[in-house]
2 protein chains.
Amino acid sequence: MEIPKPTEAELEILQILWHYGPSPVRFVNDKLNEQREVGYTTTLKLMQIMVDKGIAIRNTDQRSHIYEAAASEAATKTKLLGQFVDAAFNGSAMKMVMQALGQHQASQKELDEIKALIERIEREGQ
Amino acid sequence: MEIPKPTEAELEILQILWHYGPSPVRFVNDKLNEQREVGYTTTLKLMQIMVDKGIAIRNTDQRSHIYEAAASEAATKTKLLGQFVDAAFNGSAMKMVMQALGQHQASQKELDEIKALIERIEREGQ
DNA sequence: TTGCACTTACGAAAGTCTTCGTATATACTT
DNA sequence: AAGTATATACGAAGACTTTCGTAAGTGCAA
């Protein structure tokens, strides 16, 4: 019923589809091969499975089918993040944020952005 | 060589071991069963595999073996977080923090904690 | 039109994860 | 001592993921 959680390999493909928009297998496979070696039929098979699962949508009008992510990047990442937080941080996103901030040395610019975001949340919250 | 990334089921067990300290299978299985139904031998097998992988350590002095997490909670979660950020947020922890802050409505107390943490980082950073 | 390049479809192998049944050993209890 | 409860060891099934080989269809070019 629901769109299932993408596997790691599927997520790699989704990132490409989100970044470049609807694309044929050949294009996605080329992009993947800029990072690691993957056979064309491997990518094809994965993308076909993604359609079966409802993770991707394809247009078969042309001989070379065009694939597209079924869910938005933001919605998918929110869901993944939520599941990860549940599994690893007992559901507390704040614990995770604290941990991320605690070790990743963020740049001043990034810290400023976060502060600005927090202030906006505080303003909206009241 | 390296300790491998725990699977989801293994992580569940690790959380119990971190929370309650070194424990026998029976105890871990009981705790798991407070959340979902799992057979005793399933838990046993998983914990044995965790020892094989180096994820857990066990003491076999007593008839009922005592298992313990091999790596600290903080170290493990840092590593998991890093891998998740790489896979889902292109390596940018800040992107992920922003997304987490953006939708999870944090409590004022949590926001204050984060602000305090940011200020501490800024002070230490210079 | 014959052949080459490229595409999808399909099946299956190999690896991993989760689950549990069964066998066997060990301790306790009556 | 016999029987019951509890522990570990082991193997294997079933599901899922990733990978690729091979077959078959389609279009283009010489």
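Below is a working chat about a predicted model with protein chains and DNA strands.

Q: Ground rules before we start: what are the pLDDT limits, and how are residues and chains labelled?
A: The model is predicted, so local features need pLDDT of at least 70 and side-chain atom pairs count only at pLDDT 80 or more, while totals for chains, interfaces and linings use all residues. Residues are numbered from 1 along each chain as its sequence is written, and chains are lettered from A and ligands numbered from 1 in the order in which they are written.

Q: DNA then. Which residues come nearest to strand C?
A: B:T7, B:A9, B:G39, B:T41 and B:K45, out of 21 residues around DNA strand C. A residue is near a strand if its C-beta atom, placed from the backbone, lies within 6 Å of it.

Q: Which elements give two or more residues to that surface?
A: In chain A they are α2 (25-35) and α3 (40-53), and in chain B α1 (8-20) and α3 (40-53). Helices are DSSP runs of H or I with at least four residues, strands are runs of E with at least two, and both are numbered from the N terminus.

Q: How do the residues near strand C divide by class?
A: Six are nonpolar, eight polar and seven charged. Ala, Val, Leu, Ile, Met, Phe, Trp, Tyr, Cys and Pro count as nonpolar, Asp, Glu, Lys and Arg as charged, and the others, Gly among them, as polar.

Q: And which are closest to strand D?
A: A:T7, A:A9, A:G39, A:T41 and A:K45 are the closest of the 21 residues that surround DNA strand D. Chain A gives two or more residues from each of α1 (8-20) and α3, and chain B does so from α2 (25-33) and α3. The classes there are six nonpolar, eight polar and seven charged.

Q: Switching to the protein-protein side. How many residues of chain B are in contact with chain A?
A: 30 residues of chain B, facing 30 residues of chain A. Contact is counted when the C-beta atoms of two residues, placed from the backbone, lie within 7 Å.

Q: Which helix gives the largest share on the B side?
A: α5(B), with ten residues. The elements of chain B that give two or more residues are α1, α4 (73-89), α5 (93-103) and α6 (108-125). The B side of this contact has 19 nonpolar, five polar and six charged residues.

Q: Which residues touch the most other members of the largest nonpolar core?
A: A:V85, A:V97, B:V85 and B:V97, in a core of 18 residues. Such a core is a set of buried Ala, Val, Leu, Ile, Met, Phe, Trp, Tyr and Cys residues joined through C-beta atoms within 7 Å. Buried takes 20 or more other C-beta atoms within 10 Å of a residue's own, exposed 12 or fewer, and partly exposed is in between, with C-beta atoms placed from the backbone. α4 (73-89) and α5 (93-103) of chain A and α4 and α5 of chain B each give two or more residues to the core.

Q: What does A:V97 touch?
A: Leaving out residues up to four places away in sequence, A:V97 touches B:V97, B:A100, B:L101 and B:I114.

Q: And A:T78, what does that one touch?
A: B:Q99 and B:Q103, with the same exclusion of residues up to four places away in sequence. A:T78 is in helix α4 of chain A and is partly exposed because 16 other C-beta atoms lie within 10 Å.

Q: Back to chain B. At what angle do α2(B) and α3(B) pack?
A: About 120°, with their axes 9 Å apart. Axes are lines fitted to C-alpha atoms, for helices over the stretch in contact, and angles run from 0 to 180 degrees between N-to-C directions.

Q: Which residues meet there?
A: B:V25, B:V28, B:N29 and B:L32 of α2(B) meet B:Y40, B:T43, B:L44 and B:M47 of α3(B). That contact has six nonpolar, two polar and no charged residues.

Q: Last one, the loops. Where is A:N90, and why does it count as exposed?
A: A:N90 lies in the loop between α4 and α5 of chain A, and it counts as exposed because it has 11 C-beta neighbours inside 10 Å. Its phi is near 55°, a positive value in a residue other than glycine.
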